[in-house]
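Hi,

Here is the structure I said I'd pass on. Have a look at it first, and then read on for what turned up when I went through it.

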Amino acid sequence: IGCTFQNNPGSGIAGSDVAKFPLTDCVFLNNGHYPVRTSARSVASVSGTGNQFSGNTPNRIQITGGNLDQNYVWDNPSVPVEVTSNINICSGSGIMLKINSGLTLLFVEGTGLNVGYISNSLLGNLQADGATFSALNGTAGGWSGITINPYLHNASSGYIRNCVVEYAGGNGNIYFANSAFPLVEGCVIR
């Protein structure tokens, strides 16, 4: 809380797959690599309030994907979040990923967001409101998109609302794999 990460030749701070380091009211200035590098399981702890980012190369948070194994809430960290591998929202006990307004997720080529699973052994769901899902390279076909699988946790509670979903590949921006996902509303899908 309240730290300054400045002029590091590499990242300002980095953590393993399960590292949880809360960042609130921190300043990231002129770091030679990503100001923050962590995993999808740790984004909730780094998307704190009051953080400032300037002059980093690049000026965004980098995360690896992986399997989310519990409920998570992701807030807007005030810079885009670059995703370097698939994020899978599913667990044996059923989980929910809630993404709040303003968060921008930029996926590298060949990666995507997978909601639920293809069998009832793993369940997951998504609530996204006001987020942006896009390709890091900013071109059509630049990522794999959002896949809504048939086995969801509390299926009626999922939604993608007021979001931008753009530049995904072969299956489109949002692919419904025989899914009962209840609501896509007020979105720009291009």
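One term before the details: a salt bridge here is a side-chain nitrogen of Lys or Arg within 4 Å of a carboxyl oxygen of Asp or Glu. Please also keep in mind that this is a predicted model.

With that cut-off, the whole structure has 6 salt bridges. The one to look at first joins Arg161 and Asp129, with an N to O distance of 4.0 Å. Arg161 sits in strand β17 and Asp129 in strand β14, so this pair ties together parts that are 32 residues apart in sequence. Asp129 is partly exposed, at 26% relative accessible area, and Arg161 is partly exposed too, at 23%.

Arg161 also forms a salt bridge with Glu185, and there the closest N and O atoms are 3.4 Å apart. That pair again links distant parts of the chain, with Arg161 in strand β17 and Glu185 in strand β20 (residues 184-185), 24 residues apart. Glu185 has 39% relative accessibility, so it counts as partly exposed.

There is a network as well: Asp17, Arg41 and Asp69 are joined by salt bridges that share partners. Within it, Arg41 pairs with Asp17, the closest N and O atoms being 3.1 Å apart. Arg41 lies in the loop between β4 (36-39) and α1 (43-46), and Asp17 in the loop between β2 and β3 (27-29), so the pair ties together parts that are 24 residues apart in sequence. Asp17 is partly exposed, with a relative accessible area of 34%.

Now the sheets. There is an open sheet of 8 strands with parallel pairing, and the order is β2-β4-β6-β9-β12-β15-β18-β21. Its edge strands are β2 (13-14) and β21 (188-189), each of which pairs on one side only. At the β21 end, strand β18 (residues 164-165) is joined to β21 by 2 bridges, and the two run parallel. Val164 has Val188 as its bridge partner there.

Strand β11 is worth following too. With strand β8 (residues 72-74), β11 pairs in the parallel sense over 3 bridges, and Trp74 stands opposite Ile99. β11 is also joined to strand β14 (residues 124-129), by 5 bridges, and these two run parallel; here Ile99 stands opposite Ala128. As for cover, 4 of the 5 residues of β11 are buried, so the strand is largely enclosed by the rest of the structure.

That leads into the interior. The largest nonpolar core has 43 residues, and those with the most contacts inside it are Trp74, Ile87, Ile99, Phe133 and Ile146. Strand β11 (residues 95-99) gives the most to this core, with 3 residues. If you want one side chain to centre your view on, try Phe133: leaving out residues up to four places away in sequence, its contacts include Ile99, Leu105, Phe107, Ala128, Trp143, Ile146, Cys163 and Val164.

On the outside, Phe176, Val184 and Ile189 make a nonpolar surface patch of about 240 Å². Phe176 belongs to strand β19 (residues 174-176), and with 38% relative accessibility it counts as partly exposed.

Finally, some backbone points. Most residues other than glycine have a negative phi, and most peptide bonds are trans. Which two residues does a cis peptide bond join here? They are Thr57 and Pro58, with omega about -5°. Pro58 is in the loop between β5 (52-54) and β6 (61-64).

Two residues to check for positive phi are Ser78, near 85°, and Asn162, at about 55°; neither Ser78 nor Asn162 is a glycine. Ser78 is in the loop between β8 and β9 (81-83) and counts as partly exposed, at 47% relative accessibility. Asn162 is in the loop between β17 (159-161) and β18, and it counts as partly exposed at 44%.

That's everything from my side. Over to you!

Cheers

Key:
Residues are numbered from 1 along each chain as its sequence is written. This is a predicted model: local features need pLDDT of at least 70, side-chain atom pairs count only at pLDDT 80 or more; totals for chains, interfaces and linings use all residues. Side-chain values use heavy atoms; hydrogens and water are left out. Two strands pair if DSSP finds at least two bridges between them. Patches are made of residues with over 30% relative accessible area and no salt bridge: like charges are joined within 9 Å, nonpolar side chains (Val, Leu, Ile, Met, Phe, Trp, Tyr) within 5 Å. Accessible areas come from the Shrake-Rupley method with a 1.4 Å probe; for residues, only the protein chains shown count as cover. Buried means under 20% relative accessible area, exposed over 50%, partly exposed in between (1.4 Å probe, protein chains only). A nonpolar core is a set of buried Ala, Val, Leu, Ile, Met, Phe, Trp, Tyr and Cys residues joined through side-chain atoms within 4.5 Å. Contact means heavy atoms within 4.5 Å.
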